[in-house]
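Thank you all for making time this morning. I would like to walk through one model with you, moving from a single loop residue to the core, then the sheets, and finally a few backbone details.

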Amino acid sequence: MKRYVAILVCIVLLVTLGACGKDGEQQSAKEVGESIKSEEILEAANESKDKTTDENQVPNNEPNNDNTTGEEKMTTTNVKDTENFYGIIFTADSDIFTRIKGKSYKDDCIVPLEDLRYLHVLHVGFDGQTHEGEIICNKAIAEDLLEIFEQLYEAGYQIEKIKLVDEYNAEDEASMADNNSSNFNFRFISHTTKISKHGSGMAIDINPLYNPYIKTVNGNLNIEPANSIPYVDRTADFPHKIDETDLAYQLFTAHGFSWGGAWNSSKDYQHFEK
Ligand SMILES: [Zn+2]
């Protein structure tokens, strides 16, 4: 029996010595606990990183990033190329609103944001190349505009620029003079409390430099933009002129829009409204 006890003592001693011999690898219970804890944190962090990566992975054919704050893709029924022609519903948290706040969406704007849509379209520029266009419009005509701009694009109809008027600090004259086609810009009709058609996002101007707004005020011809004088004579033949034979005229009127070129008191050849 003594012999067994001696052997047992030896084994215990050997084991203890062996353990002690592993210098540097010995970890206190506290250290072991911390190590497990930090491994768990790292693992959790990686898991969360993986998750974030997955969430950020937007398919190439999906233009709307669902993670974008305050922006949600609009459902469209008659648009064929929804990757390039799509609408966004946006809120005050969105980057879109940041771009228009205090500019086209003026501080006195009474049009609720939920009534507006941001549209992404493609268009053929005067260089014959494809360009991206941005439009803010009323939700009531959002689907019409997506369809019309898709048809204009497919037909190769040339529109020089489709930028938000905010890029011109919401100054209409500057936007028109640069031949920019645009829609929403909040304003009341002069000396009234009635919102203008552009103010509610219900009107759009196409190639305005070539299709001016002309009105006779006190016997004087008022032309906007001011640099569009060469295009005031509508009997003259020049490119980008909107008249009844023009495709934009035909598509807009087919979608129920009225054309400013048909007005009597003034002529607004660039203008379509609903
Ligand atoms: Zn207009």
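Let me begin with a small question: in which loop does Glu244 lie? Please keep in mind throughout that this is a predicted model. Glu244 sits in the loop that runs between β7, residues 220-224, and α6, residues 247-254. Is Glu244 buried or exposed? It has 10 other C-beta atoms within 10 Å, and because a residue counts as exposed at 12 or fewer, Glu244 is exposed. Its C-alpha is 9.1 Å from that of Gly261, a residue 17 positions away from Glu244 in sequence.

Stepping back to the protein as a whole, there are six helices and ten strands, and of the 274 residues 30% count as buried. If we take the contacts with a sequence separation of 6 or more, 53% of them are between residues 24 or more positions apart.

That brings me to the interior. The largest nonpolar core has 42 residues, and those with the most contacts inside it are Leu119, Ile136, Cys137, Leu145 and Phe149. The elements that give two or more residues to this core are β2 (86-90), α3 (95-100), β3 (116-124), β4 (130-138), α4 (139-154), β5 (203-205) and α6. Which of them gives the largest share? It is α4, with eight residues. As for Leu145, if we leave aside residues up to four places away in sequence, Leu145 touches Leu119, Ile135, Cys137 and Ile204.

Now to the sheets. One is an open sheet of four strands in the order β1-β2-β3-β4, with antiparallel pairing; β1, residues 71-73, and β4 are its edge strands, each pairing on one side only. From one strand to the next, the twist averages 30°. Within this sheet, β2 and β3 pair in the antiparallel sense over three bridges, and Tyr86 stands opposite His120 in β3. The helix α4 packs on the sheet, where it touches β2, β3 and β4, and its direction makes about 5° with that of β3.

There is also an open sheet of three strands, again with antiparallel pairing, in the order β7-β6-β9. Here β7 and β9, the latter being residues 267-268, stand at the edges with a single partner strand each, so one side of each is left without a neighbour in the sheet. Strand β6, residues 213-217, pairs with β9 over two bridges in the antiparallel sense, and the partner of Ile214 in β9 is Lys267.

I will finish with the backbone. Most residues other than glycine have a negative phi, and most peptide bonds are trans. Against that background, which residues are joined by a cis peptide bond? They are Glu224 and Pro225, with an omega of about -5°, and Pro225 is placed in the loop between β7 and α6, where we also found Glu244.

Ala170 is not a glycine, yet its phi is positive, about 65°; its place is in the loop between α4 and α5, residues 172-177. Ala170 counts as buried, with 21 C-beta neighbours inside 10 Å. Asn179, in the loop between α5 and β5, has a positive phi of about 55° although it is not a glycine. With 22 C-beta neighbours inside 10 Å, Asn179 counts as buried.

Notes:
Residues numbered from 1 in each chain as written. Predicted model: local features only at pLDDT ≥ 70, side-chain atom pairs only at ≥ 80, totals over all residues. Buried ≥ 20, exposed ≤ 12 C-beta atoms within 10 Å, placed from the backbone. Core = buried A, V, L, I, M, F, W, Y, C linked by C-beta atoms within 7 Å. Contact = placed C-beta atoms within 7 Å. Pairing = 2+ DSSP bridges. Axes fitted to C-alpha atoms, helices over the stretch in contact; angles between N-to-C directions.
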